[in-house]
Amino acid sequence: MIHLEVIDRTASTQTGPVVCMHCEDPVCASVCPAEAIKQDEDGIVHSSMKSRCIGCSNCVLACPFGVPQYVASIDQMMKCDMCFDRTSVGKRPMCATVCPSQALYFGPRAELERIRPERPVNEFRFSQQIVKTKVNVMALPETTVMDFDVRRFMSGAGEQMNDLIQLSVWENDHA
Ligand code: SF4
Ligand code: SF4
């Protein structure tokens, strides 16, 4: 339910995993004409409900992080739901379980701050808009808000990601 993006294909074989950021105010859900995407009381934004999704791809176009994927074979949007089948019974998401370097981490934010030198950041600025998320990205210690400029991705895909030190972590308020 996650996918990999290349960082800069001409310079490196490096990839970055793309997980749902579980936005506090998820635009994917607000643009869905079928109310197929639900956010639960723990802030997890679920994947689309099969019985509702009409495969319009509004969510695919609206998500600022490029997360939802339209799957034509089933005519439905699918995305990371933080492995709800696992996390709802106290297990870690599968990606965090298999990551050999713990680049993907699932656990309390306080524990993360203790074990990593970088700072977990969950505020992202897209031009005038600030998006707050449940998922954190590790960044340089002085970073409080991470800026995204789509034009930078278009002119040099590697630059933006090079500003990041590592990839996603989850804040698990209930761990
Ligand atoms: S990252 Fe995208 S798919 Fe995930 S909750 Fe936010 S808007 Fe929705
Ligand atoms: S693809 Fe499905 S989940 Fe996404 S906006 Fe359209 S109906 Fe909603």
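This note walks through a predicted model of one chain with its ligands, point by point.

1. **Overall make-up.** Start with the whole chain. Its secondary structure comes to 7 helices and 9 strands. The chain has 175 residues, and 44% of them are buried. Now look at contacts between residues at least 6 apart in sequence. Of these, 48% join residues at least 24 apart. The exposed surface is about 9,900 Å², and carbon and sulfur atoms supply 52% of that area.

2. **Around ligand 1.** Find ligand 1 and look at what surrounds it. There are 14 residues around this ligand. Those that come nearest are C20, M21, C23, C28 and C63. What kinds of residue form the shell? The split is 12 nonpolar, 1 polar and 1 charged.

3. **Around ligand 2.** Next, turn to ligand 2. Here 13 residues stand around the ligand. C32, C53, C56, S57 and C59 come nearest. The shell divides into 9 nonpolar and 4 polar residues, with no charged ones.

4. **S57 and its backbone.** S57 deserves a second look. This residue is among those that come nearest to ligand 2. S57 is found in the loop between α1 (27-30) and α2 (58-62). Its phi is near 70°, which is a positive value in a residue other than glycine. Most residues other than glycine have a negative phi.

5. **M82, another positive phi.** M82 is not a glycine either, and its phi is near 55°, again a positive value. Where does M82 sit? Its place is in the loop between β4 (76-78) and α3. M82 counts as buried because its relative accessible area is 3%, and the cut-off for buried is under 20%.

6. **R86, a buried charge.** R86 lies in helix α3 (residues 84-87). Is R86 buried or exposed? R86 is buried, yet it has no salt bridge. The nearest side chain of opposite charge belongs to D85, and it is 6.0 Å away. A salt bridge needs the charged atoms within 4 Å, so at 6.0 Å D85 does not make one with R86. R86 does have contacts. Not counting residues up to four places away in sequence, R86 touches K91, R92, P93, M94 and T97.

7. **K91, a partner of R86.** Follow the contact from R86 to K91. K91 lies in the loop between α3 and α4 (94-98). Its relative accessibility is 47%, so K91 counts as partly exposed. Beyond its neighbours within four places in sequence, K91 is in contact with R86 and F106. K91 and F106 are 15 residues apart in sequence. In space, their C-alpha atoms are 9.7 Å apart.

8. **Salt bridges: how many?** How many salt bridges does the structure hold? The structure holds 4 salt bridges. One of them joins the side chains of K38 and E35, at 3.7 Å from N to O. K38 has a relative accessibility of 37%, which means that K38 counts as partly exposed.

9. **A salt bridge within a helix.** The side chains of R114 and E111 also meet in a salt bridge, at 2.9 Å from N to O. Both residues lie in helix α5 (residues 109-115). They are 3 residues apart, about one turn of the helix. R114 counts as exposed, at 60% relative accessibility. E111 is partly exposed, with a relative accessible area of 28%.

10. **A salt bridge between strands.** D147 and R125 form another salt bridge, at 2.6 Å from N to O. D147 lies in strand β8 (residues 146-148) and R125 in strand β6 (residues 119-126), so the pair ties together parts that are 22 residues apart in sequence. D147 is partly exposed, with a relative accessible area of 40%. R125 is partly exposed too, at 32%.

11. **E5 and its contacts.** Finish with E5, in strand β1 (residues 3-6). Its relative accessible area is 39%, so E5 is partly exposed. Leaving aside neighbours within four places in sequence, E5 is in contact with Q14, T15, G16 and V18. E5 and G66 are 61 residues apart along the chain. Their C-alpha atoms are separated by 9.9 Å.

Technical notes. Residues are numbered from 1 along each chain as its sequence is written. Chains are lettered from A and ligands numbered from 1 in the order in which they are written. This is a predicted model: local features need pLDDT of at least 70, side-chain atom pairs count only at pLDDT 80 or more; totals for chains, interfaces and linings use all residues. Side-chain values use heavy atoms; hydrogens and water are left out. Helices (H or I, at least four residues) and strands (E, at least two) are DSSP runs, numbered from the N terminus. Buried means under 20% relative accessible area, exposed over 50%, partly exposed in between (1.4 Å probe, protein chains only). Lys and Arg count as positive and Asp and Glu as negative; His and the chain ends are not counted. Contact means heavy atoms within 4.5 Å. A residue is near a molecule or strand if one of its heavy atoms lies within 4 Å of it. Ala, Val, Leu, Ile, Met, Phe, Trp, Tyr, Cys and Pro count as nonpolar, Asp, Glu, Lys and Arg as charged, and the others, Gly among them, as polar. Accessible areas come from the Shrake-Rupley method with a 1.4 Å probe; for residues, only the protein chains shown count as cover.
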